[in-house]
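Hi there,

Here is the structure I promised to pass on. Please have a look at it first, and then read my notes below.

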Amino acid sequence: MTVKDSRGYLVRGAKIKIRSKAAGRLTRRAQTKASNKVGQAPFVLRVKPQRLGKRLVMVTVARTPTAKAAKTTSIRLAKARRSTR
């Protein structure tokens, strides 16, 4: 996740929260991290097995002491691999 302001500058120290738009899609609750000096914060999201092969819609909110921005994104998840045992 990379945070930029309206002028295209990287925002450091922003509180970034990422969650699923619909409840019950992820194995853990929403995660919050602060952006680093290059405006980035890494996230690892784990989805429930029954969501594989379907679309996941996520909401990301970035906050600073004076501003707040939100963005909704979606991705298509790969299908689960079948075990060959």
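Which residues line the second largest pocket? They are R19, S20, K21, A22, A23, G24, R25, L26, T27, R28, R29 and A30. Before I go further, please keep in mind that this is a predicted model. The volume of this second largest pocket comes to about 170 Å³. By residue type, its lining splits into five charged, four nonpolar and three polar residues.

Now to the largest pocket, which has a volume of about 390 Å³. Its lining is made up of 18 residues, and T2, V3, K4, A62 and A69 are the closest to the pocket centre. Nine residues of this lining are nonpolar, five are charged and four are polar. If you want to place the largest pocket on the fold, start with β3 (55-63) and β4 (68-76), as each of these strands gives at least two residues to the lining. The largest share is that of β4, with five residues.

Next, the strands themselves. β3 and β4 are antiparallel partners, paired over nine bridges, and a hairpin of four residues connects β3 to β4. Two bridge pairs may help you find the register: L56 has I75 in β4 as its partner, while V57 is bridged to S74 in β4.

β3 also pairs with β1 (residues 15-20), again in the antiparallel sense, over six bridges. In that pairing, M58 in β3 is opposite S20. You have met S20 already, as one of the residues that line the second largest pocket.

One more residue is worth a look on your screen: S35, found in the loop between β2 (31-34) and β3. Is S35 buried or exposed? Its relative accessibility is 6%, and because the cut-off for buried is under 20%, S35 counts as buried. The S35 side chain also makes a polar contact, reaching the backbone nitrogen of G13 at 3.0 Å. What else does S35 touch, leaving aside residues up to four places away in sequence? The list is V11, R12, G13, A14, I16, Q40 and A41, so G13 appears both here and in the polar contact, because contact means heavy atoms within 4.5 Å.

That is what I have for now. Happy to talk it through whenever it suits you.

Best wishes

Notes:
Residues are numbered from 1 along each chain as its sequence is written. This is a predicted model: local features need pLDDT of at least 70, side-chain atom pairs count only at pLDDT 80 or more; totals for chains, interfaces and linings use all residues. Side-chain values use heavy atoms; hydrogens and water are left out. On a 1 Å grid over the protein atoms alone, a cavity is a set of points where a 1.4 Å probe fits but cannot get out, and a pocket is an open set with protein on both sides within 12 Å along at least five of seven lines; lining residues have an atom within 4 Å of a point. Grid points are joined across faces, edges and corners, and a volume is the space filled by probe spheres set on the points. Ala, Val, Leu, Ile, Met, Phe, Trp, Tyr, Cys and Pro count as nonpolar, Asp, Glu, Lys and Arg as charged, and the others, Gly among them, as polar. Two strands pair if DSSP finds at least two bridges between them. Buried means under 20% relative accessible area, exposed over 50%, partly exposed in between (1.4 Å probe, protein chains only). A polar contact is a pair of N or O atoms within 3.5 Å; within protein, one must be able to donate a hydrogen and the other to accept it, and residues adjacent in sequence count only if both atoms are side-chain atoms.
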